[in-house]
Amino acid sequence: MWHLSSAKSSSSQSRNPHRKMGKSHLSCIALFLSFLSISANAVSEAPRPRGVGPEFAKFYKDTEAFTCISNPSIKIDVSRVNDDYCDCPDGSDEPGTSACSYLSPLSPQQPPKLKIGTFNETLALPGYYCKNKGHIPSYIPFTNINDGVCDYELCCDGSDEYEGIGGVKCEDRCAKIGKEWRKQDEARQKSLGAANKRRKELVAEASRLKKEVEDRIQTLQTQLQGQELKVASLEQNLQSIERQEKGKVIKGAGKGGKLTVLKSLAKERIQELIEQLGRVRSERDAATSRIEELEGILRRFKEEYNPNFNDEGVKRAVKAWEDYAAQERPGPEPAKDRDLDEITNPDSESSIKWDEYEGEEESDVDVLYKFEEYLPEPLREWVDQKLRDLRVMLIENGIMADPHTDSPESKAVTDARQQLNTARNELDNDKNEIKRHQDDLERDYGPDDVFRALKDQCIEKDSGEYTYELCWLSKTTQKPKKGGGHTGMGNFARFEKVTVDEDLPADGKGLGSGERYVLRYENGQHCWNGPNRSTQVILACAEKDEIWKIVEEEKCVYRMEVGTPAVCE
């Protein structure tokens, strides 16, 4: 109350313009008040026993007696706390000694001192509390207290070895370790900030790509409606043209219809034979000229060689030539060549005059239709249309034969059919593309669709004789450095989640502990005398995409530990 009234008096004086205090006086008062406050807290809060963490301090406030934490029915004198004898079944009376360490799960199983089920014998405290001033407080197992080993990783202040067993003195290294840890933590936080920034960029890029797919689907759906109308229109157009063609009168139809087709085919075949005959005659003449040249060479060889020269090869060649020359062979027949020239010459009298066979023949149908020429034009058009409609009706009902049955379709029908087929192909392509994009929208791309921005991008890591490649949502591959084929380690199948509990290295390139995303790659290249290869890719937050570790857990079953900003939270 005194310091409150003094503060009030000081406040009233500061408001009085005639009684001003200097800054040095105010500073002294503030320092004095702080000292009183600290002293009051020190009096109100008794010091915790050795090894007690701040969250358990409330159980040790009583200065006369101590109540076992998990067994409140048991009370002991406060002097028995940390007396190196385990009085409480839960070990809560020995927070700073190893007397109750047999309760720790790290210790060998011990028979209970009391009747089973009478008291709660589960260890109440997580361990010995190290304050680690200048670093991070932590707990260590009770079994580590005064064991003659300095546990600097958990207890950097050395307080766990306060008895100096075996002459071991553990100095306080928290200042040094804390400084190094803060330096590394600053780098980790900086890297984490960059990773989170990169993830935001990936999410934005994934959102943009997804919007492109959605916009493309809308464009294709609009385009699809136009294509469907176009196909329907072209189908009607083809039907109309086919109907019109059926109504047309074909020259040579009726009795001479097939004969006309036969004349056309005969002209084409005879023209092909004439061209082939000319080619064969040219090849024959060239071969004859070459034979005559070779015979002249051999003839001069026989006349000029020295018969006294004892060369068996030369003698055999001369003898073979003499045998060849003695044989009778048919010579050229100029008369037959002249006959062939006469036949193949289109201007000769012996050639076929196709014009005589291709002249228009007036059929009975033509004569029937000619009577229209004597009618007035309006009536002629009306009669012509009625006759064509009648002809189409008779053909469609099987009463009259279709003259187009044995002849190729007209150019008009072919063009219309080709236009229809092209339009149908374009329609099918649009439908397939829409289906592909819709499947893509339904596909799992991980949290916030972030892996959409990474799809098909690849990262690699050298490891001994191989280079390992991971392609996001695509495949994993093993590449030998000394040549040879690549080995498929799996194709992407799905996302999963696993819980891991591993120590995180100082550089932060590890999985740590907690729930992690997994990319499952399956059905890779078949393993000799084993299964198809598969890869489990476990992801952890990192500043950049990087493969940290690759192990073959069992035959042809691989595990990759990979860092990526895509899974940072």
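# Cores, rings and a pocket

Me: How many residues are in the largest nonpolar core of this predicted model?
Reply: Start with the members that touch the most others: Phe 451, Leu 470, Trp 472, Leu 519, Leu 539, Met 560 and Val 562. Helix 3 and six strands, strand 6 and strands 8 to 12, each supply at least two residues of this core. In total, the largest nonpolar core holds 27 residues.

Me: How many residues are in the second, separate core?
Reply: Val 52, Phe 56, Cys 86 and Ala 124 are among its members. The size of this second core is 22 residues.

Me: Which residues form one aromatic cluster with Phe 451?
Reply: Take the contacts of Phe 451 beyond its neighbours within four places in sequence. They include Tyr 445, Leu 539, Trp 472 and Phe 495. The aromatic cluster joins Phe 451 to Trp 472, Phe 492, Phe 495 and Tyr 521.

Me: What is the angle between the planes of Tyr 466 and Tyr 468?
Reply: The structure holds eight aromatic pairs. Tyr 466 and Tyr 468 form one of them, at 6.2 Å centre to centre. This pair is tilted, and the angle between its planes is 55°.

Me: Is Tyr 468 buried or exposed?
Reply: Its partner Tyr 466 is partly exposed, with a relative accessible area of 29%. For Tyr 468 the relative accessible area is 9%. Buried means under 20%, so Tyr 468 counts as buried.

Me: Which element gives the most to the lining of the largest pocket?
Reply: The largest pocket has about 810 Å³ of space. Of its 32 lining residues, the closest to the centre are Leu 192, Gly 508, Cys 541, Ala 542 and Trp 548. Helix 3, strand 9, strand 10 and strand 11 each supply at least two lining residues. With eight residues, the element that gives the most is helix 3.

Me: How many residues of the lining of the largest pocket are charged?
Reply: The lining divides into three groups. There are 14 nonpolar residues and seven polar ones. The charged residues number eleven.

Me: What separates the C-alpha atoms of Glu 553 and Gln 536?
Reply: Glu 553 is found in strand 11. It is partly exposed, with a relative accessible area of 47%. Leaving aside neighbours within four places in sequence, Glu 553 is in contact with Gln 536 and Arg 559. Gln 536 is 17 residues from Glu 553 along the chain, and their C-alpha atoms are separated by 10.0 Å.

Methods. Residues numbered from 1 in each chain as written. Predicted model: local features only at pLDDT ≥ 70, side-chain atom pairs only at ≥ 80, totals over all residues. Heavy atoms only, no water. 1 Å grid on protein atoms, 1.4 Å probe; cavity = no way out; pocket = protein on both sides within 12 Å on 5 of 7 lines; lining within 4 Å. Points joined across faces, edges and corners; volume = space filled by probe spheres on them. Helix = DSSP H or I, 4+ residues; strand = E, 2+ residues; numbered from the N terminus. Nonpolar A, V, L, I, M, F, W, Y, C, P; charged D, E, K, R; others polar. Core = buried A, V, L, I, M, F, W, Y, C linked by side-chain atoms within 4.5 Å. Buried < 20%, exposed > 50% of the residue type's maximum accessible area, 1.4 Å probe, protein only. Contact = heavy atoms within 4.5 Å. Phe/Tyr/Trp six-rings, centres within 6.5 Å; stacked < 30°, edge-to-face > 60°.
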